[in-house]
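Here are some exercises to work through with the model open beside you. Try each one before you read its solution.

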Number of protein chains: 2
Amino acid sequence: MEEESCYTFDFDRHMDPERFERIKAFAADKETPFVVIDLERIGDKYDELRRLLPYAKVYYAVKANPDDEILKMLIARGCHFDIASVFELDQMLRLGARPDDLSYGNTIKKARHIAYAYEKGVRLFSTDSEEDVRKLAANAPGSKVFFRLLTDGSGADWPLSRKFGAHPDTIYRLILLAAELGLDPYGVSFHVGSQQRDIGQWDNAIATCRYLFDSVAQEGVHLRMINLGGGFPANYVSPTHDIELYSQEITRFLEEDFGDQAPEILIEPGRSLVGDAGVLVSEVVLVSKKSEFNQYSWVYLDVGKFGGLIETIDEAIKYPIFVDAGGAPKEAILAGPTCDSMDILYEDTKYEVPGDITEGDRVYIFTTGAYTTSYSSVNFNGFPPLKAYIFRG
Amino acid sequence: MEEESCYTFDFDRHMDPERFERIKAFAADKETPFVVIDLERIGDKYDELRRLLPYAKVYYAVKANPDDEILKMLIARGCHFDIASVFELDQMLRLGARPDDLSYGNTIKKARHIAYAYEKGVRLFSTDSEEDVRKLAANAPGSKVFFRLLTDGSGADWPLSRKFGAHPDTIYRLILLAAELGLDPYGVSFHVGSQQRDIGQWDNAIATCRYLFDSVAQEGVHLRMINLGGGFPANYVSPTHDIELYSQEITRFLEEDFGDQAPEILIEPGRSLVGDAGVLVSEVVLVSKKSEFNQYSWVYLDVGKFGGLIETIDEAIKYPIFVDAGGAPKEAILAGPTCDSMDILYEDTKYEVPGDITEGDRVYIFTTGAYTTSYSSVNFNGFPPLKAYIFRG
C-alpha cells in the first residue's frame, strides 16, 4: 500500500458540531472504549432511503449491527430484514419481527438450519449452488428463492471475493432446476461490494439480470424480483457520492433495462443505514517514539483491530477520527492495546493528530455504527468485547 | 501470495491415531464447531520445556489460550504467567496464582492499570518507551522492569511489526532513566516473532542483549535477566525444527555471549505450549462449484475467520486438516459460514480434501489450541463464539 497522508476530521462532512457536543456529554462519564449509537440518525437514514427509492422493499442486513434497540426501531417502522443465520432468525423473532418480513440471505446453510427457518415461517431464501437448491427443495418446499450472481466487487472499499454468487450460465441452470424441484424462482440478486463507490457497477449487474429474466422466460419461468443487495456507502474518510445520486442512477438503470415492466425491487442496506450513526469513544493509552530521531509518534488507543475495528485490516476502511487535544497537527501511527503486533489500525496511512496528544485524551472514531460491535473478539488479551450505548438525543 | 498446493494431514507428525480416535469419540455427540483441548498434551509440553531449558523460568503467555482449566493445571505445576492486561490479571488471581508469579508483559498500559496491578502485588513489568517508564516509576515504584528490544520478526509465520520494542540506543537511555527514577532495571526482553522458524534470530537478539548489559554496566547499572520471549513453534503444516534443537541452539548462543556469567532466563511460550493440544471440530455446510467447468470446489465449513480462525488472515497460519470422508483427493478452496466475503480460510493455498466430501462430514482442524477461542468474534452474523471442551483422556 502506498503511504499517504490523511486528513482526519471535517465537521461539515461528518457531524453537526452541536450534536457532537451532546454525544460527548452523554459519553463523558462512561468507561472507554464503547460505541455510542445515535438511534435517530438511523431512523432518518431509513426514512431517506424509503423516500429516494419508494418502490424498493428495504431488507436491513442485520449482521451490520444486530443491536436489539436498532432492530426494534426498524421493526416499528415496517422494515424487512436480511438474516445471515438461524441465530439472527431467533433474535428477530424474539424481537417480534414477522417471519414474512425475513429473508434468509446466506447462500451457505446447513440443511437442518433451512428446515428450522422454514418451520418458523421463513419463505424467502437466497441461493447460488445446485447443492443448496436441492437442500432448499427438500427442507423448504415451495419457498421463494432468489439466485445470487457473482460480481467482481471492483470499486468497493471492502471488496467481495468469489465466495458468493455464481456465473450467469450456472444461475440460468439453477433457476430451471429450482422450478423443476417445486421451488418458486422469485428473482435474482447481486452484491456489488460493500462501500461501493463506483455507481456503474449496478448498471452492469442490472443488465445481467435483464438477460437472465429473458433467458429463463423462454423456458416458461417468469422471474419477478431483483435484489440490489447492499453496497451503499457510509461516510468514511474517502469521499463518496451522496445516496441521492445512487438512487437516481439505479432508478435510471432499471428504467433503461426494464422500461415499464419493472420487477419488484429489494435492497439490503447495512453499512449505509447504521454506519454513520456510530461514534466509538476511545482513550489514548500511550504516545511513544520507537527511537529518538523517529519521524512519527505511535499513538496507542484502548481499542484496536480485535476490539471491534477489524475492518482496518489492510487499512481498507479509513474512519474519520477526532482527538480532543490541542497543539499543531503531527502525523502518527495509530495502534490498538493488545500484545498482538497485527493490532495496528493505520501505519501506511498517516493520521494527523494534535501535537499535544497524551495519555487519557479521548479519541472519537466516527462512522463506527456498522461491523464493529459484533465483529469484536470475545476476550482477546483479556479485553472485554466492545460495549454499545444507545443515544436518544 | 503464490499459489501452492498443500498436503493436509500426516498422522506421524500431527497426532497418534489411537489418541485421535479417542478424541473423535469424545467429540462425537457435541454440536460443531468447537475446540477439544487435550490437557495432558499441554502438561507434557510444559514438562518437556522445563527439561530442555532447566535454567529458564517459564511464563506462559495467557493470551494464547486463557481457558481456566489450562491455567489451573499450569498453576499446579508451578508455572509463571505473562499477562497482557488487568483483565488477565484478575483472572489469574481468581484462579489462585500468586502475584509474584506474574509478569505484566504488555508495554501499552494505562497509568491506572499499572497502579491496579501494583496494588494487587505485581512487581514485574515490561516497557519500551520513556512515557511508560515514567508511568511505571509513578505507579509501581521500585518494581522490576525489563526493556523490550525491537526485532524485525523476519522468518516468523505470524510476524511482528514495529509495534513493540525500541532500538538499542533508546533502550540504553530507558535503562538509565528507570534506574534514576527508582525502578529496578532487571533485564532485557525481545520477541523474535510468533511461530519463528529461523533459530538464528535468537542469536542476533542475544548478542544485542550482551552489548546492552555491557553498556549500562559502565554506567553502574547491572542487568541480570534476559527474557527470550515466545516464538517457539507449534506443529502446523509448514515443517519446523523440533523444540529440542531450539533449546540446544539457544543454550549455545547464551553460552557464547555470556559464558559462565549467565543471567537469569525467562521464556514466554504461548503457541508452543498449547497450539498442538487443540483439535477444532467442524462440519461441512456446503460443497459447491462457481461454474460448471471450474477446477476447484468450494468447501464451506461451519467455522471461519470470525469464529476463531483469524490467524488464517493472508493464509499466514496453515492448519493441518483431516476430513472424515472417502474418495480420491481433490483440491478445494476452504471458506467459513458467514456472509462476509473476507471469511475465506485458504484460497491461494489449495487444500486436498477427499473427493466424496459432502455436507455433514466432520472436518478436524489440528493445532488449534492457540489464538482461536479468545480471538473469536462475539456474534458476527449471529454465530456464537467458538466453544471449548477439555479432554482428559
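**Exercise 1.** In which helix of chain A is the place of A:Phe26? Work out also whether A:Phe26 is buried, exposed or partly exposed.

*Solution.* Keep in mind that this is a predicted model. Start with the location: A:Phe26 sits in helix H2 of chain A, residues 17–27. Next, count neighbours: there are 18 C-beta atoms inside 10 Å, so A:Phe26 counts as partly exposed. The cut-offs behind that step are 20 or more for buried and 12 or fewer for exposed. Then look at the contacts, leaving out residues up to four places away in sequence: A:Phe26 touches A:Val36, A:Phe391 and A:Gly393. Take A:Gly393 from that list: 367 residues separate A:Phe26 and A:Gly393 in sequence, yet C-alpha to C-alpha they are 8.8 Å apart.

**Exercise 2.** Do the same for A:His222: where is it found, and is A:His222 buried or exposed?

*Solution.* A:His222 belongs to the loop between helix H9 (200–217) and strand E11 (225–227) of chain A. The neighbour count is 11 other C-beta atoms within 10 Å, so A:His222 is exposed. For a pair in space, try A:Tyr186: A:His222 is 36 residues from A:Tyr186 in sequence, and their C-alpha atoms are 8.0 Å apart.

**Exercise 3.** Describe how chain A is divided into domains, and what the contact takes from each of them.

*Solution.* Domain 1 covers 4–36 + 276–391, and domain 2 covers 66–269. Their C-alpha centres are 34 Å apart. The contact between them takes 15 residues from domain 1 of chain A and ten residues from domain 2 of chain A. On the domain 1 side, helix H1 (11–14) and strand E19 (387–391) of chain A each supply at least two residues. By class, that side has eight nonpolar, three polar and four charged residues.

**Exercise 4.** Now for a pair of helices: find the buried residues of H6 of chain A and of H10 of chain B, and see how they lie around each axis.

*Solution.* Take helix H6 (111–119) of chain A to begin with. Its buried residues are A:His113, A:Ile114 and A:Ala117. Looking down the axis of H6(A), you find them within an arc of 105°, so they line one face of the helix. Helix H5 (86–94), strand E5 (102–104) and helix H7 (130–139) of chain A are what these residues pack against. After H6(A) comes A:Gly121, with a positive phi near 110°.

Move on to H10 of chain B, residues 243–258. H10(B) has 16 residues and spans 22 Å from its first C-alpha to its last, close to the 22 Å expected at 1.5 Å a residue. B:Tyr246, B:Ser247, B:Ile250, B:Phe253 and B:Leu254 are its buried residues. Their arc around the axis of H10(B) is within 130°, so they too line one face of the helix. The other side of H10(B) has B:Glu244, B:Leu245, B:Glu255 and B:Glu256 exposed. The cover over the buried residues of H10(B) includes helix H3 (39–52) and helix H9 (200–217) of chain B. H10(B) is followed by B:Gly259, and there phi is positive, near 55°.

**Exercise 5.** How many residues of chain A are in contact with chain B, and which element gives the most to that side?

*Solution.* 55 residues of chain A are in contact with 55 residues of chain B. On the chain A side, the elements giving two or more residues are H5, H7, helix H8 (168–180) and strand E13 (278–288). Among these, E13(A) gives the most, with four residues. Sorted by class, the chain A side has 25 nonpolar, 18 polar and twelve charged residues.

To see E13(A) from across the interface, go to helix H7 (130–139) of chain B. Its buried residues are B:Asp132, B:Val133, B:Lys135, B:Leu136 and B:Asn139. They cover an arc of only 160° around the axis, which puts them on the same side of H7(B). These residues pack against E13 of chain A, together with elements of chain B including helix H6 (111–119) and helix H8 (168–180).

**Exercise 6.** Which residues have the most contacts inside the largest nonpolar core?

*Solution.* That core has 119 residues, and the ones to pick out are B:Tyr60, B:Phe81, B:Val188, B:Val299 and B:Leu334. H9(B) gives the most to this core, with seven residues. A second, separate core has 117 residues, including A:Ile37 and A:Leu266.

Methods: Residues numbered from 1 in each chain as written. Chains lettered and ligands numbered in written order. Predicted model: local features only at pLDDT ≥ 70, side-chain atom pairs only at ≥ 80, totals over all residues. Domains from an automatic or database assignment. Contact = placed C-beta atoms within 7 Å. Nonpolar A, V, L, I, M, F, W, Y, C, P; charged D, E, K, R; others polar. Arc of directions from axis to C-beta. Expected span 1.5 Å × (residues − 1). Core = buried A, V, L, I, M, F, W, Y, C linked by C-beta atoms within 7 Å.
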